[in-house]
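Biologist: I am new to this structure, and I would like to understand how the words used to describe it are earned. Could we look at it together and take the terms one at a time?

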Amino acid sequence: MTATKVQNACETCVHYNAEGLEKLGVQVDHTDFVIALAGNPNTGKSTVFNALTGLRQHTGNWPGKTVTRAEGAFALESKKYKLVDLPGTYSLLSTSEDEEVARNFILFGKPDVTVIVVDASRLERNLNLVLQILEITDKAVLCLNLMDEAQRNNIEIDQRALAKQLGIPVVPTSARFNQGIPELIQTIAQVANGDIVCKPHRIKNVPKKIQKAVEKLSEEIKKEYPKIPNSRWLAFRLLEGDVQIMEGLKTGQFL
């Protein structure tokens with residue numbers, strides 16, 4: 001693989017290699033789109049966040065939680081995008097406060113795009129979270145980060161095949177060197193504006209009895225809560241006995 005010259009991201013620059021791009025740092029008011037940034041711990045997610053927003057964060061806690069919340073923004077071609085950096089998690093099964101926050105925001109916060117940051121050098125162990133997120137949302141982008149580490153370990157990834165299998169765009173990056181960030185921003189904008197239509201991978205090989213139960217329960221959820229997103233995923237969680245989802249629906253917490 002041919003080596004490429006890398007450059008460090010400039011902490012003071014407002015514009016960089018994407019025409020019409022402006023990093024807005026903590027200016028997150030009156031935005032057109034909300035972008036969620038999700039991923040396992042140690043995938044360079046915070047570095048991606050900083051590269052997108054100008055290396056500044058507005059931090060605070062999620063309402064009623066001790067989990068830290070970071071927000072930032074960028075503007076592209078007269079549109080403003082607010083980024084919400086979700087807690088790093090290995091799953092969305094809500095066995096911890098971090099998982100609960102990430103899951104609830106992706107499902108009920110209805111972000112316009114969810115960017116899933118993975119470690120390209122450890123892709124297989126990251127795919128569990130990727131597939132869980134794709135069960136929840138129809139709009140996602142896979143950020144194949146730490147490509148420099150993958151290259152150093154002679155790991156090659158067929159990003160076109162991966163994109164086809166997952167049904168979402170795949171963008172390779174090395175965020176600490178600012179590589180791939182302009183392409184990531186353009187892809188986020190294209191998905192948010194509907195120029196790219198995602199067809200995310202969903203679980204299909206479900207036993208017939210379970211599939212029938214899911215379909216029946218999903219229809220009941222739609223009738224009772226017509227505005228709630230992804231009733232199919234909620235049906236799976238209810239059948240698995242997810243107490244938090246049950247309580248959330250009973251109390252109207254998610255509506």
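What follows is a conversation about helix packing, salt bridges and burial in this predicted model.

Biologist: Before the details, what does the secondary structure of the chain come to?

Modeller: The chain has nine helices and eight strands, and buried residues make up 50% of its 255 residues. Among contacts between residues at least 6 apart in sequence, 71% join residues at least 24 apart.

Biologist: Why is helix H8 called oblique to helix H9?

Modeller: The axes of H8, residues 231-239, and H9, residues 243-251, cross at roughly 120° and come within 8 Å. Angles of 65 to 115 degrees count as roughly perpendicular and those over 145 as roughly antiparallel, and the value for this pair belongs to neither range, so H8 is oblique to H9. The crossing of the two helices is left-handed.

Biologist: Which residues meet where H8 and H9 are in contact?

Modeller: On the H8 side they are Trp233, Leu234, Arg237 and Leu238, and on the H9 side Ile245, Met246 and Leu249. The residues of this contact divide into six nonpolar, no polar and one charged.

Biologist: What makes the pairing of aspartate 138 and arginine 202 a salt bridge?

Modeller: The rule asks for a side-chain nitrogen of Lys or Arg within 4 Å of a carboxyl oxygen of Asp or Glu, and the N to O distance between these two side chains is 2.7 Å, so the pair qualifies. By this rule the count comes to 12 salt bridges. The pair also links distant parts of the chain, 64 residues apart, with aspartate 138 in the loop between helix H3 and strand E7 and arginine 202 in the loop between helix H6 and helix H7.

Biologist: Which acidic residues form salt bridges with arginine 176?

Modeller: Aspartate 148 does so, with the closest N and O atoms 2.8 Å apart, and glutamate 149 does so with the closest N and O atoms 2.7 Å apart. Arginine 176 lies in the loop between E8 and H6 and glutamate 149 in helix H4, so this pair ties together parts that are 27 residues apart in sequence. Aspartate 148, which is also in helix H4, is 28 residues from arginine 176.

Biologist: Why is aspartate 148 called buried, and how do you know whether glutamate 149 and arginine 176 are buried or exposed?

Modeller: Buried means under 20% relative accessible area, and aspartate 148 has 11%, so it counts as buried. Glutamate 149, at 24%, is above that limit but does not reach the exposed range, which begins over 50%, and therefore it is partly exposed. Arginine 176, at 36%, is partly exposed by this reasoning. Aspartate 138 is partly exposed as well, with a relative accessible area of 48%.

Biologist: Which residues are linked in a network of salt bridges?

Modeller: Arg103, Arg237, Glu240 and Asp242 are linked in this way, and Arg237 is also one of the H8 residues that meet H9.

Biologist: Where does glycine 44 lie, and what is it in contact with beyond its neighbours in sequence?

Modeller: Glycine 44 lies in the loop between strand E2 and helix H1. Leaving aside neighbours within four places in sequence, glycine 44 is in contact with Val117 and Asn145. From C-alpha to C-alpha, glycine 44 and aspartate 119 are 7.5 Å apart in space, while in sequence they are 75 residues apart.

Conventions: Residues numbered from 1 in each chain as written. Predicted model: local features only at pLDDT ≥ 70, side-chain atom pairs only at ≥ 80, totals over all residues. Heavy atoms only, no water. Axes fitted to C-alpha atoms, helices over the stretch in contact; angles between N-to-C directions. Helix = DSSP H or I, 4+ residues; strand = E, 2+ residues; numbered from the N terminus. Parallel < 35°, antiparallel > 145°, perpendicular 65-115°, else oblique. Left-handed = near helix turned anticlockwise from the far one by under 90°. Contact = heavy atoms within 4.5 Å. Nonpolar A, V, L, I, M, F, W, Y, C, P; charged D, E, K, R; others polar. Buried < 20%, exposed > 50% of the residue type's maximum accessible area, 1.4 Å probe, protein only.
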